[in-house]
Structure formats: structure tokens, C-alpha cells
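Student: I would like a close look at one helix and what lies around it. Take it residue by residue, then set it against the rest of the chain.

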Amino acid sequence: MAEKVLQIRNLTAGFVTEKGFVRATDHVSLELDRGQTLCVVGESGSGKSVTAMSVMRLIDYAGGFIETGEVLFSGSDLVKKKQQEMLKIRGNRITMIFQDPMSALNPVFTVGDQIAEALRIHKKLSKKEAWQTSVEMLRRVGIPAPEMRAKQYPHEMSGGMCQRVVIAMALACNPELLIADEPTTALDVTVQAQILDLLRQLKQEFGMSMLLITHDMGVAAEVADRIAVMYAGAVVEEGTVKEIFEQPRHPYTIGLLKSIPGLEGERGGELYTIKGAIPPISQLPRGCRFHPRCPHAMDVCRQQEPALIASPSGHKAACWLDESELKGTGASAASASSQTPKVTISSKTEVAL
Ligand SMILES: Nc1ncnc2c1ncn2[C@@H]1O[C@H](COP(=O)(O)OP(=O)(O)O)[C@@H](O)[C@H]1O
Ligand code: SF4
Ligand SMILES: [Mg+2]
């Protein structure tokens, strides 16, 4: 069996508010095999970033805490670690990149110095070695004239260039796990594609594992091995890219697939949107958390929460509908369009949607 680099088990994390403890994640369980990419997908507010912040134990600094659960990283539980111990892991064995590269860079230091600093702290390199490695990293992330660029400040670079610097910084210490939280959301479409390509290529080169968070199913299709779909704090479906795109089992996943820009929109039709909004997690409905927005909600859905059940192949879904009923309702992704347009996944697979 593949070695697990990350096993999140029953993670419940949240924040203390005026109304008491509010869960942002509700018994989330996820697994990532070494060398693989797991994409966590869901609308804004579904608990994706809180999951990532919990793995990094940055939630402690954001006014939140982990109520229950385990985060096993290479078998050792990060939830039990002291922040002192996390300092050796964070930025070294696990690194993270965020949506806004500018917030990750210090405006008063050159980009070369910032990468070199991480190498000096974690890898104990000399000043000269750290600088040379820093220039080499800038070269590897496709920055032209890296010797000159290393001496520049973040404000002298474009957003796409800054994100490349952040990626260089995140990879400089050769992490086992890279967490990328909406790494391309702030970038324009062309640059977005370049950065995704770069991440895919570097993941191979560096042999690391990646947890990529995105609200965009199209991005997940490009980079994921497996996809976990989160809704209102919980994982509602999880499977391989092929399973999620070809045989989605949860109506929420089907809604996300139908909303991929370039399918409905490309043909001049209106882009599909899932009706309604994600509820604040403090006001979750009884039963299935998706039922107020689900076109297939039944009585049982309003009463009892469905468990996340795995098929023999390991494809998991939390929904009372079984596969035949899902087909019967016409809810499959294939029915999203009568003209069955195709979305290209990782240039390897073409899937009719
Ligand atoms: N610092 C915070 N204080 C209180 N609630 C928060 C905080 N950060 C996030 N939340 C809440 O946690 C939930 C999940 O947020 P988040 O993980 O950021 O969602 P996502 O990344 O999927 O958009 C949301 O309801 C959000 O309002
Ligand atoms: S359990 Fe019911 S309400 Fe929830 S997603 Fe499935 S069909 Fe829809
Ligand atoms: Mg987020």
C-alpha cells in the first residue's frame, strides 16, 4: 500500500466567537499518499483554509483551535506538537503558499535574501551557499536573469513573478509536503496556467506531495490525483479525478462541475450557478447540510445526516441517493449539457460533461 504522507482524522477545528465555539471543520478526514496531489475543492467558506491552517498549526495564531482529531504527518501527530517543535517542521518539511504572494514576501528585503534566510535557518547553509542556492531556485522556477532578479525587491516584480519567488522559497528547503491555498486565484488566466504547470513540474522534480486548495474544479482537474469536495465544513465526496469527473456521487459535486467556466459559458449560454448560499457553519440545517440547496432533497435528507460511505474502489460520498437513483434523477454530470462539451484534464484525459 502507498505510504501516507498526511492523514487527517476527524479534524474538528474552529473559533471562539460571542456565540461560543463555532466549528469551521466538522470531523474532516483526508489522506494524501506520498508523491501525490490531493485537491480540496469547495465554495468560499467551506473550511478549506481552516483545514490547511490546522495542518500547519497556524490556526493557533488566527484565534482558533483544534477541538478534536489527529493530523498525522509521516505518522507523527502534529496536533500534539508544541509550537516550538512546529517551528522545525513549518517552512522546512511542510511549506505553504497562499493566494496573495505579496503578503508572503517582506517588502524591505530583496527576494534573494528572503529565500536565503529560509535556507540559513532550516538547512544551516553559510551566507554564500544560501545565496547561491537562492539564485538557483529562482532559475528553477523559471525566473529569467536570476542573478539580477535575486537583488530586486518584491515591488519591482509582477504578481506572477512574485508567486514564482514564493514557490522558490517554499521549495528551497525541499519539503515533503507543499500546501498551496488558492495559489493562482489572484493571478490572471494566462499566468494562472503557467503557475499550475510550474507546480506540476516541480512536484515531479522535487518528488514532494501536494495539498492544493481551490474553489475551482478546473484547477483541480489540471493538477489533482485525488479530489476531496468540502461543503460547509465537511468532506462530502472524495475520489480520483476520473471518479469525480466521470461518476460524481454527490449533487454538490455535480453542481460544481456544471459551474466550470468554459463549458456552459463557452457556448454563449449562462454559466450555471448552484442556487442559494453556503450557510454559516453556526447555522447548519438539520440532516444533510446541503439539503436546502439540493435539487434532489428527500424527507430523509431533512432529518438525518448521511455518513461518508466508501465504495469498494474507495470513492466516498455522503449522500442518501444511491448511484442508480442519481442516474434516475438526471443529476449526473453528463446531463449537465445536451451537447456534451469536453473538458481536458491534465492533457491526458478527455471527459464528456
Ligand atoms: N479567524 C476567524 N475567526 C472566525 N471565523 C473564521 C475565521 N477564519 C475562518 N472563519 C470561518 O470558518 C469557516 C471556514 O472558513 P475557511 O476555511 O476560510 O473557508 P474557505 O477557505 O473554504 O473559503 C467560515 O465560516 C469562516 O467564516
Ligand atoms: S443527502 Fe439528500 S439533500 Fe443531501 S445531497 Fe444527497 S440527495 Fe441532496
Ligand atoms: Mg480559503
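Tutor: Ala193 sits in helix 8. Keep in mind that this is a predicted model. Helix 8 covers residues 189-206. Is Ala193 buried or partly exposed? Its relative accessible area is 41%, so Ala193 counts as partly exposed. The cut-offs behind that call are under 20% for buried and over 50% for exposed. Ala193 also has a partner far along the sequence to look at: Glu222, 29 residues away. In space, the C-alpha atoms of Ala193 and Glu222 are 9.2 Å apart.

Now step back to the loop that leads into this helix. It runs between strand 7, residues 177-181, and helix 8, and Leu187 belongs to it. Leu187 is buried, because its relative accessibility is 11%. What does Leu187 touch, once neighbours within four places in sequence are set aside? The contacts are Gly159, Gly160, Gln163, Gln192 and Ile195. Gln163 deserves a second look. It is 24 residues from Leu187 in sequence, and the C-alpha atoms of the two are 8.9 Å apart.

Next, follow helix 8 through a residue outside it. Arg140 is part of helix 5, which spans residues 127-140. Beyond four places in sequence, Arg140 touches Leu198, Leu202, Glu205 and Phe206. Arg140 is partly exposed, because 29% of its area is accessible in relative terms. Arg140 and Arg164 form another pair set 24 residues apart in sequence. Their C-alpha atoms are 9.5 Å apart.

After helix 5 comes a loop that leads to helix 6, residues 146-149, and Ala145 is in that loop. The backbone of Ala145 is worth checking. Its phi is positive, near 45°, and the residue is not a glycine. Ala145 has a relative accessible area of 40%, so it is partly exposed.

A second positive phi belongs in the tour. His27 is not a glycine either, and its phi is about 50°. His27 is placed in strand 2, residues 20-33. At 42% relative accessibility, His27 is partly exposed, because that value falls between the two cut-offs.

Strand 2 brings us to the N-terminal part. Lys4 is in strand 1, residues 4-17. Across a gap of 28 residues along the chain, the C-alpha atoms of Lys4 and Leu32 are separated by 5.7 Å. Leu32 is also in the contact list of Lys4, which leaves out residues up to four places away. The others in that list are Glu31, Asp33 and Ser74.

Helix 1 gives a contrast in cover. It comprises residues 48-55, and six of its eight residues are buried. Which residues of helix 1 are they? They are Lys48, Val50, Thr51, Ala52, Ser54 and Val55. Thr51 belongs to this helix. Its relative accessibility is 2%, so Thr51 counts as buried. Apart from neighbours within four places, Thr51 contacts Ile8, Leu11, Thr25, Val28, Leu30 and Met230. Past the end of helix 1 comes Arg57, with a positive phi near 60°.

Then there is ligand 2. How many residues surround it? There are 13, and the closest are Cys288, Cys294, Cys301, Cys319 and Trp320. By type, this shell holds ten nonpolar and three polar residues, with no charged residue. The space that ligand 2 takes is the largest cavity.

Finally, the whole chain. It has 353 residues, and 50% of them count as buried. The secondary structure comprises 13 helices and 14 strands. The exposed area is about 16,200 Å², with 52% of it from carbon and sulfur atoms. Sequence range is the last point. Take the contacts between residues at least 6 apart in sequence: 63% of them join residues at least 24 apart. To return to the starting helix, Ala193 in helix 8 is partly exposed, while Leu187 in the preceding loop is buried.

Technical notes: Residues are numbered from 1 along each chain as its sequence is written. Chains are lettered from A and ligands numbered from 1 in the order in which they are written. This is a predicted model: local features need pLDDT of at least 70, side-chain atom pairs count only at pLDDT 80 or more; totals for chains, interfaces and linings use all residues. Side-chain values use heavy atoms; hydrogens and water are left out. A residue is near a molecule or strand if one of its heavy atoms lies within 4 Å of it. On a 1 Å grid over the protein atoms alone, a cavity is a set of points where a 1.4 Å probe fits but cannot get out, and a pocket is an open set with protein on both sides within 12 Å along at least five of seven lines; lining residues have an atom within 4 Å of a point. A molecule sits in a cavity or pocket if more than half of its atoms lie within 2 Å of its grid points. Ala, Val, Leu, Ile, Met, Phe, Trp, Tyr, Cys and Pro count as nonpolar, Asp, Glu, Lys and Arg as charged, and the others, Gly among them, as polar. Helices (H or I, at least four residues) and strands (E, at least two) are DSSP runs, numbered from the N terminus. Buried means under 20% relative accessible area, exposed over 50%, partly exposed in between (1.4 Å probe, protein chains only). Contact means heavy atoms within 4.5 Å. Accessible areas come from the Shrake-Rupley method with a 1.4 Å probe; for residues, only the protein chains shown count as cover.
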